[in-house]
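Let's take a walk through this structure together. Keep the picture open and turn it as you read.

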Amino acid sequence: MKKKIAVIGLGNPLRRDDAIGLLLLQYLQQNKKKLSKTIDFIDGGTSGMKLLHLLGDYDTVLLLDAVDFKGSPGEIKKFTVDEIKNQKIQVFLSTHEPDFLTVYALLKELDKAPTHLVIFGVQPKDISHGTRLSQELNRFLPILQKQILEEIQLMIES
Amino acid sequence: MSKDFSVHVEHVTRVEGHGNIILDVKNGKIEKLQWNVVEAPRFFEAMLRGQQYNELRSITSRICGICSIGHSLASLKATEDALGVKITNQTATLRRLAIHAENMQSHILHIGYLVAPDLVGAGSVFSMLGKHTDTVLKIVKLHRLANEMSDLICGRTIHPIRLVVGGFSLQPTEKQLIQLKKRLLEAQELTTELAPIILSVAGNLPSFTRETEYIGLTSDEEYSFYDGDIASTDTGRHPKYQDYKEIMQEYIVPHSTAKYAKHARESYMVGALARFNLNSRQLHPVAQDIATLFKLKAINYNPFMNTIAQLVEFSHSIQDSISLIDTLVDQGIKQEKPVKPEKKAGRGVGIVEVPRGILVHDYTLNSQGYCTKANCIIPTNQNHANIQQDMEKLVPEIINQPEKEIELTLEMLVRAYDPCISCSTHYLDVSFK
């Protein structure tokens, strides 16, 4: 039987703003008491195909990742998979593996895709090699953390 | 036949590694042929400098989403070598299980999702669904088991956390290991079913050969993944592991930002075929049966057979994992605390075999236990020169084929090496002038 909800953070902490999904995940884990339902928090790192099986285990999956949607650095946007397909935005899970849509499409074909899948994308400024966030994302981090917590609280309650 | 054409294959993802194939032919003569790697500079070594010894593993495990266990183990071995830490037998056995889990994960991904579409003439794994759904489901099942195995041994599937300096932060229980063994036995049956399916399309692998040097770890005790001496099919064993630079001679070429490597010849190969060529006599009989099925014998000089060597290794990893679990259960699994370092300064070298070949981490730590110097030699970079040499022999042999076939064969060659960039080759933009 499928489990209920997973929040999966994606990204590489060695590529500056690409770590934003993981940092938001850590914040949610620290504040999990503020979230009313049982949620699994998963650090998905930079693994593409390994997520195939993780995603398939849940009814609802919320992904946190750095997404280049040509917004302002630190801007947050909520997408469904259909919206991503239509807008042709590439959501990368890894520097080495197929993009997210490839993994999702395979899950769909195998009839194992989660019923609900929402991606919270944060526009990065700098994804070069390095361990520190860009100044912009670092400045927005506390706001992003609050925002993502509220968004997820709302989604779960509805 | 005289003809003019160009095959330019470019990688278009946002990845740190870009590999391009450039072939220009005029009047039937090759004017330019290059395997062109334009990786962005990697600063991992710089990121390690200034970090404390017990932080190095977690940083290096993030270098690669596929080989995070391998990087972790090379990192731990280097740190422990520098600090004189002697791990227990149980830790060594559990680490061998971890490395098998990663080998299985990576190999089945490459065989099933990346090479199988070429063999059945499909554009991608999706195009295999329908006619080959049953095969895809077998692959997905085997991939899942490998993921769950690394989850159990290393604490999670992605970027391990239980592997620490001196041992493990937590060990699996006997009950969990017995359960894992049961599933590994099922996986071996599934692999035996998968082998003839792959054999039925393996005729589509080009029958190309080029003599080259193969380098990997070797040991008297086992088919090496976790430990052993550096060995070459040309020059034999080299027990002085700290002098690895004498074997892996890195150099720079103008058309590539990635380092190339050579040893006794102009290039060498690392990875599953190299390990097979060095150590095939130590494979478990069930894995040897699969090699026999594909008529794979050491020394095999066909790089396209690397995928078949991966299948053979996949089966070996399952069988060896079963033996390792039996040992752990017989001896009784203990919750051991990690061994503490006795000193803080020193230089250490850690070498392991990861799915794509031999991987080296080399650290120097100061008296406070902070890293002052680091060097990592990655398998994919060691294969670049060999890919170039293969292409130079291969293209004249296939130059009269249609351009599309030449292009596909060259792409298949690159994919056979399973470089970290191979995943993106299915999404290439290709243009003919």
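Before we look at any helices, here is an idea to hold on to: an axis is a line fitted to C-alpha atoms, for helices over the stretch in contact, and the angle between two axes runs from 0 to 180 degrees between N-to-C directions. Two packed helices are described by the angle between their axes and the distance between the axes. One more thing to keep in mind is that this is a predicted model.

Let's put that idea to work in chain B. Helices α10(B) and α11(B) pack with their axes 8 Å apart, at an angle of about 165 degrees. How are α10(B) and α11(B) oriented, roughly parallel or roughly antiparallel? Angles over 145 degrees count as roughly antiparallel, and therefore these two helices, α10(B) and α11(B), are roughly antiparallel to each other. Their crossing is right-handed. On the α10(B) side, the residues that meet the partner are B:V286, B:A287, B:I290 and B:A291, while α11(B) brings B:L311, B:V312, B:S315, B:H316 and B:Q319. Sort the residues of this contact between α10(B) and α11(B) by class and you get six nonpolar, three polar and no charged.

Stay in the loop between α10 (285-293) and α11 (306-331) of chain B for a moment, since that is the place of B:I299. The peptide bond leading from B:A298 to B:I299 is cis, with omega near -5 degrees. Most residues other than glycine have a negative phi, and most peptide bonds are trans.

Now look at what else packs against α11(B). Helix α9 (residues 272-279) of chain B has its axis 8 Å from that of α11(B), and the packing angle is about 65 degrees. That makes α9(B) and α11(B) roughly perpendicular to each other. The crossing of α9(B) past α11(B) is left-handed. Here α9(B) contributes B:A272, B:L273, B:R275 and B:F276, and α11(B) contributes B:N306, B:A309, B:Q310, B:V312 and B:E313. The contact of α9(B) with α11(B) has five nonpolar, two polar and two charged residues.

Time to step back and see chain B as a whole. Its domain assignment gives domain 1 (5-40 + 398-431) and domain 2 (44-385). The C-alpha centres of domain 1 and domain 2 of chain B are 26 Å apart.

Over in chain A, we meet another helix pair. The axes of α1(A) and helix α5 (residues 135-157) of chain A come within 10 Å and cross at roughly 55 degrees. That makes α1(A) oblique to α5(A). As α1(A) passes α5(A), the crossing is right-handed. The contact involves A:I20, A:L23, A:L24, A:Y27 and A:L28 from α1(A), together with A:L137, A:L141, A:L144, A:Q145, A:I148, A:L149 and A:I152 from α5(A). By class, that contact of α1(A) with α5(A) holds 11 nonpolar, one polar and no charged residues.

Just follow the chain to the loop between β1 (3-10) and α1 of chain A, and you will find A:R16. Although A:R16 is not a glycine, it has a positive phi of about 40 degrees.

So how confident is the predictor? Chain A averages a pLDDT of 83, with 87% of its residues scoring at least 70. Among the elements of chain A, helix α1 (residues 20-30) has the highest mean pLDDT, 94, and helix α3 (residues 81-87) has the lowest, 69. For chain B the mean pLDDT is 88, and 91% of its residues reach 70 or more. Over residues 11-17 of chain B, though, the pLDDT is below 50, and this stretch has 23 contacts in the model beyond near neighbours in sequence. Residues 421-433 of chain B also stay under 50 in pLDDT. For the complex, the predictor gives an ipTM of 0.71 and a pTM of 0.87.

Definitions and conventions:
Residues are numbered from 1 along each chain as its sequence is written. Chains are lettered from A and ligands numbered from 1 in the order in which they are written. This is a predicted model: local features need pLDDT of at least 70, side-chain atom pairs count only at pLDDT 80 or more; totals for chains, interfaces and linings use all residues. pLDDT is the predictor's confidence in each residue, from 0 to 100. Helices (H or I, at least four residues) and strands (E, at least two) are DSSP runs, numbered from the N terminus. Domain bounds come from an automatic or database domain assignment. Angles under 35 degrees count as roughly parallel, over 145 as roughly antiparallel, 65 to 115 as roughly perpendicular and the rest as oblique. A crossing is left-handed if the near helix is turned anticlockwise from the far one by less than a right angle, and right-handed if clockwise. Two residues are in contact if their C-beta atoms, placed from the backbone, lie within 7 Å. Ala, Val, Leu, Ile, Met, Phe, Trp, Tyr, Cys and Pro count as nonpolar, Asp, Glu, Lys and Arg as charged, and the others, Gly among them, as polar.
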